[in-house]
Amino acid sequence: MNDGSQSASLLLLILPLLLIGFMLYSARKRQRTLAEFSASLQVGDEVFTTAGILGRITELEDERVRLEVAPGTVITLDRRAIGTKVDGPAGPSAGDPAHGEGQD
């Protein structure tokens with residue numbers, strides 16, 4: 001065997017191992033990020049679920065979240081169903097022309 005074929009064989013062995021290592025690292029990082037997000041949830045936070053439902057957290061348990069989606073309407077979801085927190089006000093602003101207010 002010459003050096004060229006040995007190098008190619010070694011490269012064919014190392015590349016899949018590097019790819020698998022990168023995939024495992026990415027999966028662990030994503031899992032850690034999701035766990036940190038779930039731990040940061042608090043009662044009163046306004047959130048979107050992964051299904052697109054907007055609500056305010058009224059109660060937190062280990063695996064369940066209770067969301068108020070309308071006045072007096074509370075639903076119970078798995079904690080993993082929370083997709084994102086809403087940063088600012090969720091409703092339309094008072095002078096938003098798209099909703100008919102503030103127009104002449």
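Trainee: Does alanine 39 count as buried or exposed?

Mentor: Exposed means over 50% relative accessible area. Alanine 39 has a relative accessibility of 62%, so this residue counts as exposed. Alanine 39 lies in helix 1. Keep in mind that this is a predicted model.

Trainee: Which distance separates alanine 39 and arginine 79 in space?

Mentor: Keep sequence and space apart here. Alanine 39 and arginine 79 stand 40 residues apart in sequence. From C-alpha to C-alpha, the distance between alanine 39 and arginine 79 is 9.9 Å.

Trainee: Let me step back to the whole chain. Which pattern does the chain follow along the sequence?

Mentor: Begin with the elements, then their order. The chain has one helix and five strands. Along the sequence the pattern reads α-β-β-β-β-β.

Trainee: In what order do the five strands stand in the sheet?

Mentor: Sequence order and sheet order are separate readings. The five strands form an open sheet in the order 4-3-2-1-5, with antiparallel pairing. Strand 4 (73–78) and strand 5 (82–85) are at the edges; each has a single partner strand, so one side of each has no neighbour in the sheet. From one strand to the next, the twist averages 45°.

Trainee: How many bridges join strand 1 to strand 2?

Mentor: Take the pairs in turn. Three bridges join strand 1 to strand 2 (residues 54–60), and the two run antiparallel. Glutamate 46 has arginine 56 in strand 2 as its bridge partner. Strand 2 also pairs with strand 3 in the antiparallel sense, over four bridges. There, glutamate 59 stands opposite arginine 66 in strand 3. Strand 3 (residues 64–70) is joined to strand 4 by six bridges, again antiparallel. One partnership to look up is arginine 64 with aspartate 78 in strand 4.

Trainee: And the turns? Which glycine takes a positive phi in the hairpin of strand 1 and strand 2?

Mentor: For a hairpin, read the linking residues and then the backbone angles. Strand 1 and strand 2 have four residues between them, and glycine 52 takes a positive phi near 95°. The hairpin from strand 2 to strand 3 runs through three residues. Between strand 3 and strand 4 there are two residues; glycine 72 in this turn has a positive phi of about 85°.

Trainee: Now the interior. Which residues make up the largest nonpolar core?

Mentor: In soluble globular proteins, nonpolar side chains tend to be buried together. Here the largest nonpolar core has eight residues: Leu41, Val47, Ile57, Val65, Leu67, Leu77, Ala81 and Ile82. Pick valine 47 as a way in. Leaving out residues up to four places away in sequence, valine 47 touches core members including Leu41, Ile57, Leu67 and Ile82. The contacts of valine 47 also include Thr84, Lys85 and Val86.

Trainee: Is threonine 49 buried or exposed?

Mentor: Buried means under 20% relative accessible area. Threonine 49 has 8%, so this residue is buried. Its place is in strand 1 (residues 46–49). Beyond its neighbours within four places in sequence, threonine 49 is in contact with Leu67, Leu77, Ala81, Ile82 and Gly83. Leu67, Leu77, Ala81 and Ile82 are also members of the largest nonpolar core.

Trainee: What about a charged residue? Why does aspartate 45 count as buried?

Mentor: Use the cut-off, then look for polar partners. Aspartate 45 counts as buried because its relative accessibility is 17%. Aspartate 45 sits in the loop between helix 1 (3–40) and strand 1. A polar atom of its side chain lies 2.9 Å from the backbone nitrogen of glutamine 42. The side chains of aspartate 45 and lysine 85 make a polar contact of 3.5 Å. Setting aside neighbours within four places in sequence, aspartate 45 is in contact with Ser40, Gly55, Arg56, Ile57 and Lys85.

Trainee: Last, the totals. What percentage of the 104 residues of the chain counts as buried?

Mentor: Check single residues against the whole. Of the 104 residues, 12% count as buried. The chain exposes about 8,100 Å², and carbon and sulfur atoms supply 58% of that area. Among contacts between residues at least 6 apart in sequence, 31% join residues at least 24 apart.

Definitions and conventions. Residues are numbered from 1 along each chain as its sequence is written. This is a predicted model: local features need pLDDT of at least 70, side-chain atom pairs count only at pLDDT 80 or more; totals for chains, interfaces and linings use all residues. Side-chain values use heavy atoms; hydrogens and water are left out. Two strands pair if DSSP finds at least two bridges between them. Axes are lines fitted to C-alpha atoms, for helices over the stretch in contact, and angles run from 0 to 180 degrees between N-to-C directions. Buried means under 20% relative accessible area, exposed over 50%, partly exposed in between (1.4 Å probe, protein chains only). Contact means heavy atoms within 4.5 Å. Accessible areas come from the Shrake-Rupley method with a 1.4 Å probe; for residues, only the protein chains shown count as cover. A polar contact is a pair of N or O atoms within 3.5 Å; within protein, one must be able to donate a hydrogen and the other to accept it, and residues adjacent in sequence count only if both atoms are side-chain atoms. A nonpolar core is a set of buried Ala, Val, Leu, Ile, Met, Phe, Trp, Tyr and Cys residues joined through side-chain atoms within 4.5 Å.
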